[in-house]
Every structure is written in structure tokens, then in C-alpha cells.
Amino acid sequence: MKIVELAPAKINLTLDVGTKHEDGYHDVTSVMTSTTLSDLVSLESGTGTGITVSCSDPTLACDETNLAYRAAALFFSHTCVECDGVHIHIEKNIPMQAGMGGGSSDAAAVLRGLRQIYAPNMTMRELERISIRLGSDVPYCVAGCTTLVRGRGEQLQKLPSLPECWFIHCKPEESYSTAAMYHRIDDEQPECVVDTEGMCKALEKGDLEGICARIANIFECVLPENSAVPPICERLAQLGASGVCMSGSGSAVFGLFFNEETARSAFEVMVKEYRFVYLAKSV
């Protein structure tokens with residue numbers, strides 16, 4: 001059996017970091033949503049060769065360290081289903097080390113696909129619950145839709161969908177270590193107002209202007225000196241984006257546009273100035 005799952009990019013409309021626990025993990029509060037920029041994850045069962053992974057991007061490791069591989073291993077271990085051989089192929093479109101959840105979304109796609117093939121009676125809630133073992137973004141990526149995410153990523157509250165809008169994603173050449181960015185949060189204790197409650201209310205009203213006014217990410221307060229992120233944010237705003245922000249711990253930036261024409265015009269400019277630029281739509 002062969003199936004294909006979409007693995008959409010995620011963005012953080014809000015992102016705040018709270019308590020650090022003894023195990024080193026932090027509580028987060030974030031409103032996440034997805035866009036049409038997606039990886040394609042193909043799964044073929046019955047190959048008789050254990051779990052194997054391939055990818056269109058040769059720089060991505062396809063061994064046991066790959067999150068998609070780990071997702072498959074977790075699925076078979078949790079369900080006690082015998083693996084008759086599964087091959088996973090990832091067609092990469094989401095940039096890596098961007099804060100857009102590409103690896104997490106690929107892992108979530110693997111879990112959804114294996115559930116469809118091997119355990120159709122397994123609930124999505126159970127899939128979300130076990131997926132936290134793979135990373136804090138994976139439960140959200142299993143669920144998909146616009147969501148309030150709390151705790152270590154395991155507390156999910158579905159929110160109204162983002163009104164139709166367009167995005168430009170732009171990743172600078174530089175990348176940031178997630179661990180290093182959390183260390184900066186711990187060291188600098190930035191004072192950054194992130195109005196997640198207001199964002200939730202704006203989503204409930206379908207108020208796109210209110211949503212844009214509340215887009216915020218605490219990691220922008222601890223960016224490295226001479227980061228390329230602020231100039232990209234400024235450029236997107238100049239080109240008509242109604243809201244701009246870095247996603248996750250970086251380094252990709254998104255610009256939110258109310259209409260397609262403005263977004264496409266801005267995209268034509270951005271692709272001449274930056275290497276990694278993508279046009280997408282809300283989902």
C-alpha cells in the first residue's frame with residue numbers, strides 16, 4: 001500500500017516562553033497555524049526491509065536520527081504492530097532550521113499515514129498524545145488547524161481558523177540553534193509583551209487586523225547582533241505586509257498579506273533579494 005501525506009509548514013502567530021523545568025524543558029504558550037507551503041511524505045508498506053527513509057534534499061540525514069524514521073519506530077513500538085517494511089520518502093519544500101516545523105510536520109505526517117495503513121481505529125487524540133515524545137511541535141502538527149498550544153506542546157485547544165490571507169515566508173542564509181535561543185531567553189529574561197489571549201479573541205471574531213496587531217514572538221527580543229531577521233521584517237512591511245514576525249526560534253520570517261495581488265507583487269520583489277522565499281496561503 002502506498003499513500004501520500006501533506007506536511008504543512010507551521011508558523012507561530014504568538015509565542016511566549018515561560019517556566020523552565022528541572023529537566024531543562026520550558027513551558028510555552030503559542031498560537032500556531034499552518035500554511036500551504038508543504039513537504040510531501042510518501043509511505044509505502046510491505047517492503048520487507050524494516051524502516052527506510054529517503055529525501056529529495058541530500059543534506060538531510062535519512063538514518064535513525066531522522067525525525068520521520070523515529071516517528072515510524074515510535075508508532076510500531078506503541079501499537080505493537082509488526083513492521084512488514086515501510087519506506088518513507090520526503091519531498092522537501094519547507095526550509096530546514098527555519099522555525100517552521102518542517103521536521104515535526106514530516107514526523108506527524110508519518111504518524112497519520114501509518115495510522116491509516118495499520119491502525120485505522122486508533123484515535124487522533126492518542127496519536128497526538130504519543131507524538132510529544134518526538135518533540136514539542138509534533139502534537140500540533142498531527143492536529144493541524146489553528147491551535148492554542150500550551151505546556152510543553154502537549155496541551156492543544158482548537159481555535160477558529162485564520163481568515164483567508166496570504167503569506168510570504170523568507171529564510172535568511174543564517175540559522176539559529178533552538179537550544180541556543182532558549183539559553184538566550186534564560187540569560188536575558190527579556191520583557192516582551194505577547195498578547196496570546198487577545199490573539200485568541202481576534203481569531204474568534206475573524207478580525208484579521210486585530211490578529212496582525214497581536215502577532216509577536218519573544219525570540220525576536222533575543223536575536224543575535226546583526227541578525228538578518230529585522231531587515232527582512234522591515235522589507236516585508238514596506239512591501240505591504242500587514243503583520244510580520246519570525247516563526248519559532250528562527251530564522252525564517254513570515255509576512256501576512258490581506259490579499260493575493262499585494263502578496264504576489266511583494267513576492268516578485270523578495271525573490272530578487274533573497275534566496276529562500278516562498279508564497280503560500282492560509283489553510
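At what angle do helix α8 and helix α9 pack, and how far apart are their axes? This tour of a predicted model opens with that pair and then proceeds to other helix contacts, two pockets and two backbone features.

**First stop: α8 and α9**

Select residues 229–238 for helix α8 and residues 260–273 for helix α9. The two helices pack at an angle of about 150°, and their axes lie 10 Å apart. Because angles over 145 degrees count as roughly antiparallel, α8 and α9 are therefore described as roughly antiparallel to each other. Their crossing is right-handed. To view the contact, display the side chains of Ile232, Arg235 and Leu236 in α8, which meet Val269, Met270 and Glu273 in α9. By class, this contact of α8 with α9 comprises four nonpolar and two charged residues, with no polar ones.

**Second stop: α2 and α3**

Next, select residues 102–118, helix α2, together with residues 124–131, helix α3. Here the packing angle is about 140°, and the axes are 11 Å apart. The helices α2 and α3 are therefore oblique to each other. This crossing, too, is right-handed. On the α2 side the contact is made by Leu111, Arg112 and Arg115, and on the α3 side by Met124, Leu127 and Ser131. The contact of α2 with α3 contains three nonpolar residues, one polar residue and two charged residues.

**Third stop: α1 and α2**

Keep α2 on display and add α1, residues 67–79. The axes of α1 and α2 come within 8 Å and cross at roughly 35°, again with a right-handed crossing. From α1, select Leu67, Ala68, Ala71, Ala72, Phe75 and Phe76. These meet a set of α2 residues that includes Gly103, Ser104, Ala107, Val110 and Tyr118. Leu111 and Arg115 of α2 also belong to this contact with α1, and both take part in the contact with α3. The residues of the α1 and α2 contact divide into eleven nonpolar, two polar and one charged.

**Fourth stop: the largest pocket**

Which residues lie nearest the centre of the largest pocket? Select Ser104, Gly135, Ser136, Asp137 and Thr178 to find that centre. Ser104 was met at the previous stop, in the contact of α2 with α1. The pocket holds about 1400 Å³ of space, and its lining consists of 46 residues. Strands β1 (2–20) and β2 (26–45), together with helices α1, α2 and α5 (178–188), each supply at least two residues of the lining. The largest share, five residues, comes from α5. By class, the lining has 18 nonpolar, 19 polar and nine charged residues.

**Fifth stop: the second largest pocket**

The second largest pocket has a volume of about 190 Å³. For its lining, select the stretch Lys92, Asn93, Ile94, Pro95, Met96 and Gln97, then add Asp57, Lys171, Ser175, Phe276 and Tyr278. The lining of this pocket divides into five nonpolar, three polar and three charged residues.

**Last stop: two backbone features**

Most residues other than glycine have a negative phi, and most peptide bonds are trans. Two places in this model depart from those patterns. Centre the view on Cys80, in the loop between α1 and β4 (86–91). Cys80 is not a glycine, yet its phi is positive, at about 60°. Then move to the peptide bond that joins Gly250 and Ser251, which is cis, with an omega of about 15°. Ser251 is found in the loop between β9 (243–246) and β10 (253–257).

Note on methods. Residues numbered from 1 in each chain as written. Predicted model: local features only at pLDDT ≥ 70, side-chain atom pairs only at ≥ 80, totals over all residues. Heavy atoms only, no water. Axes fitted to C-alpha atoms, helices over the stretch in contact; angles between N-to-C directions. Helix = DSSP H or I, 4+ residues; strand = E, 2+ residues; numbered from the N terminus. Parallel < 35°, antiparallel > 145°, perpendicular 65-115°, else oblique. Left-handed = near helix turned anticlockwise from the far one by under 90°. Contact = heavy atoms within 4.5 Å. Nonpolar A, V, L, I, M, F, W, Y, C, P; charged D, E, K, R; others polar. 1 Å grid on protein atoms, 1.4 Å probe; cavity = no way out; pocket = protein on both sides within 12 Å on 5 of 7 lines; lining within 4 Å. Points joined across faces, edges and corners; volume = space filled by probe spheres on them.
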